[in-house]
Amino acid sequence: MSEPLIRTVHMGKRYALPAGDLQALADVSVAIGEAEFIAIMGPSGSGKSTFMNVLGCLDVPSEGEYFLRGQSVRSMDVDQRAHLRNTLIGFVFQSYNLLPRLSAVENIGLPLVYAGVGVRERDRRSRELLAQVGLDRYAGFLPPQLSGGQQQRVAIARSLVNDATLLLADEPTGNLDSHSSDEILAIFERLNRERRLTIVLVTHEPDVAAHARRLIRFHDGRIVSDTPVDRAATIQRTVVA
Amino acid sequence: MIYSELLRESWRAMRTNRMRTALTMLGMLIGVAAVVAMLAVGNGARASVNAVISSLGSNMLMVISGARTSGGLHVSSGSTPTLHLTDADAIRGLPGVAAVAPSSPQAAQVVYGANNWSTSVLGTSPDYLQIRDWPLARGSNFSPSDMRGAARVAILGQTVAQNLFGGADPVGHTIRIARSPYQVIGLLAAKGQSFGGQDQDDTVLIPITTAQRKLFGAQFGDTVRVIMVQAQGPELLAPVQDEVDALLTQRHHIAAGQDPDFNVRNLTEFANAAASTTRTMSLLLGLIASISLIVGGIGIMNIMLVSVTERTREVGLRMAVGARPADILQQFLMEAVLVSFAGCLAGLLLGIASVLVVNRLFTMHGLVTAGSVLIAVLVSVTVGTFFGFYPARKASRLEPIEALRYQ
């Protein structure tokens with residue numbers, strides 16, 4: 001069997017705090033393959049954000065191992081992890097995190113700046129992606145001039161500009177109305193289907209999680225369930241609730 | 001990260017906070033302007049002192065008629081002539097002496113046609129021009145026969161020539177000094193101001209013998225006020241000074257323990273002391289100005305720290321999309337250097353402009369040299385790098401997760 005995109009082995013993360021250590025993650029062993037679409041749920045403080053940070057190489061595990069494409073992230077230095085984030089991983093945040101003084105196109109091209117891509121090529125690729133998320137007419141707009149849904153679409157375009165294989169989305173629809181939310185999720189589904197992009201999505205909302213095909217639940221830093229999503233059942237439950 | 005990208009990013013950040021950037025630059029601007037102006041003042045002062053020193057003549061000693069006790073009263077030096085032409089002749093025979101010029105000044109009215117001018121008439125010898133390092137613009141120096149025969153000949157300074165003859169060539173014409181006719185045989189080159197701010201060109205030279213016998217009258221006899229002595233080299237100044245002292249002590253019959261009736265002064269030493277004072281002064285001015293540069297640097301550090309804090313989320317995001325710590329460091333450092341460099345350029349303009357204005361208003365000779373511009377640029381870029389480094393490093397060491405979470 002070939003190595004999956006992501007593999008964690010008894011991975012844990014402990015934070016040293018003045019009030020004593022905090023075990024944010026404990027004994028997490030999971031494998032995620034290419035083109036998977038995973039939703040992560042759990043109460044706040046359950047470790048799902050820490051899990052995402054570690055997957056995104058923004059943080060390193062303090063115990064166990066994390067292999068990304070077979071390479072141990074724990075043994076990498078700061079610059080190597082920056083390189084992975086730059087070339088392999090795309091982030092989508094709840095609060096979009098666009099730089100307010102850069103235009104939509106320039107925001108999308110930001111990762112390419114650190115990949116050493118020239119300004120003209122950057123512009124070309126950014127415009128291409130902007131068109132893919134349906135915002136080709138907004139190229140020169142600054143983020144404050146765009147709606148929340150539009151900003152999040154720019155952020156998605158940014159996460160893809162380096163041909164990332166792994167997209168990590170932390171509550172991407174948390175600040176959006178249901179209509180924009182549906183649009184964003186539709187884009188995710190399309191990217192997952194057409195680009196075979198691996199998507200890991202943290203959410204509080206069951207009907208958002210229902211768009212994924214696999215659901216992992218966290219509690220107290222541990223995985224408590226890891227199941228395929230039964231769309232009908234999830235929707236059913238939402239209706240009942 | 002490519003430098004053009006860094007420049008683009010920094011420029012954008014500076015433009016976003018125009019007011020803040022301007023204020024930060026202001027600190028640098030004032031510092032650089034101060035350094036440039038202060039160095040200019042110092043350079044100007046040094047240049048004018050140097051000019052005065054070289055106008056004084058080189059390797060020169062001055063023997064001045066000394067204080068003489070007359071009836072229990074000390075009379076100030078030079079006021080009663082105690083030196084004689086024979087003293088000058090004796091000094092000329094000493095080893096190491098290159099030239100000797102006995103001289104006595106006297107105020108007199110000089111007249112040419114309808115023009116007259118009050119000036120100082122200096123009786124002296126042909127050596128005077130060599131000692132003072134003072135070339136003739138036209139005509140010739142006194143000849144030995146002029147000296148021997150106490151000829152009525154004169155060499156004019158530029159100011160006197162200007163006032164008597166306008167722009168015309170005075171050589172060959174006859175002027176009157178104290179009602180007696182003198183033939184103008186030479187015109188001195190322009191010399192400028194002396195230490196005391198006196199116009200050195202406002203003078204007429206005549207042979208010392210003529211002055212003694214025909215102009216000044218009997219009260220002077222064959223005395224002279226001053227004997228200028230030039231040594232053959234700077235290393236001979238001190239020995240010649242001692243020899244002159246010994247010779248005159250013997251000639252004037254000064255007993256041991258008795259005050260001499262003459263003074264031997266080393267003017268070159270005096271001039272060198274003045275030059276080194278000016279050097280110290282310009283150094284001091286430069287130092288004081290540099291303090292304002294450092295204050296400007298601290299201003300930059302302050303603003304950069306604020307900027308880093310304000311842009312913590314941006315730093316977090318940049319790291320998330322692949323910026324290495326070195327990229328972040330370079331970005332903030334570039335911003336600091338760019339701000340200080342821009343402030344430096346503006347400061348240079350202001351500094352140079354103010355020097356020009358001050359020169360015009362106060363007839364000073366402030367001098368902006370390439371060296372002082374280079375110093376200002378180097379120092380400001382160094383200050384920018386030095387004071388920008390701490391904030392930039394702080395930014396580059398942010399943890400991306402915490403930076404992204406920062407509100």
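# Notebook: strands, helices and charge pairs in a two-chain model

I began with strand β6 (residues 89-92) of chain A, where A:Ile89 and A:Phe91 point one way, A:Gly90 and A:Val92 point the other way, and all are buried. I note that this is a predicted model. The pattern fits the general rule that side chains in a regular strand alternate between the two faces of the sheet. I then looked up the pairing and found that β6(A) runs parallel to strand β7 (residues 166-170) of chain A, with four bridges between them. For A:Val92, the bridge partner in β7(A) is A:Ala169.

Next I turned to helix α1 (residues 48-55) of chain A, which is largely enclosed by the rest of the structure because seven of its eight residues are buried. The buried ones are A:Lys48, A:Thr50, A:Phe51, A:Met52, A:Asn53, A:Val54 and A:Leu55. After α1(A) comes A:Cys57, and I recorded its phi as positive, near 60°.

I looked up other positive phi values in chain A. A:His10, which is not a glycine, has a positive phi of about 45°, and A:His10 lies in strand β1 (residues 6-15) of chain A. A:Ala35, again a residue other than glycine, has a phi near 65°; A:Ala35 sits in the loop between β2 (22-32) and β3 (37-41) of chain A. With a relative accessible area of 13%, A:Ala35 is buried, since the cut-off for that term is under 20%.

I then went through the salt bridges, of which the structure holds 26 over all chains. The general point I kept in mind is that side chains of opposite charge can pair when their charged atoms come close.

The pair I checked at the interface is B:Glu5 with A:Arg122, whose closest N and O atoms are 2.4 Å apart. This pair crosses between chains, from helix α1 (residues 3-16) of chain B, which holds B:Glu5, to helix α4 (residues 119-132) of chain A, which holds A:Arg122. I noted that both B:Glu5 and A:Arg122 are buried.

Within chain B, I found B:Arg138 and B:Asp169 joined by a salt bridge at 3.6 Å, N to O. B:Arg138 lies in strand β7 (residues 136-139) of chain B and B:Asp169 in the loop between α6 (158-165) and β9 (174-177) of chain B, so the pair ties together parts that are 31 residues apart in sequence. B:Arg138 is partly exposed at 43% relative accessible area, and B:Asp169 is partly exposed at 33%.

What separates B:Glu314 and B:Arg318 along their helix? They are four residues apart in helix α10 (residues 312-320) of chain B, and therefore about one helical turn lies between them. Their salt bridge has its closest N and O atoms 2.8 Å apart. I wrote down that B:Glu314 is buried, with a relative accessible area of 8%, and that B:Arg318 is buried, with 1%. Salt bridges with shared partners link A:Arg101, B:Glu9, B:Arg311, B:Glu314, B:Arg318 and B:Glu335 into one network.

I closed with the surface patches. A:Asp177, A:Asp182, A:Glu205 and A:Asp207 form a negative patch; A:Glu205 is in the loop between β8 (198-202) and α7 (206-209) of chain A and counts as partly exposed at 30% relative accessibility. On chain B, a nonpolar patch of about 410 Å² is made by B:Met19, B:Leu23, B:Leu26 and B:Ile30. B:Met19 lies in helix α2 (residues 18-56) of chain B, and B:Met19 counts as exposed at 61% relative accessibility.

Notes: Residues are numbered from 1 along each chain as its sequence is written. Chains are lettered from A and ligands numbered from 1 in the order in which they are written. This is a predicted model: local features need pLDDT of at least 70, side-chain atom pairs count only at pLDDT 80 or more; totals for chains, interfaces and linings use all residues. Side-chain values use heavy atoms; hydrogens and water are left out. Patches are made of residues with over 30% relative accessible area and no salt bridge: like charges are joined within 9 Å, nonpolar side chains (Val, Leu, Ile, Met, Phe, Trp, Tyr) within 5 Å. Accessible areas come from the Shrake-Rupley method with a 1.4 Å probe; for residues, only the protein chains shown count as cover. A salt bridge is a side-chain nitrogen of Lys or Arg within 4 Å of a carboxyl oxygen of Asp or Glu. Lys and Arg count as positive and Asp and Glu as negative; His and the chain ends are not counted. The place of a charge is taken as NZ of Lys, CZ of Arg, CG of Asp or CD of Glu. Buried means under 20% relative accessible area, exposed over 50%, partly exposed in between (1.4 Å probe, protein chains only). Two strands pair if DSSP finds at least two bridges between them.
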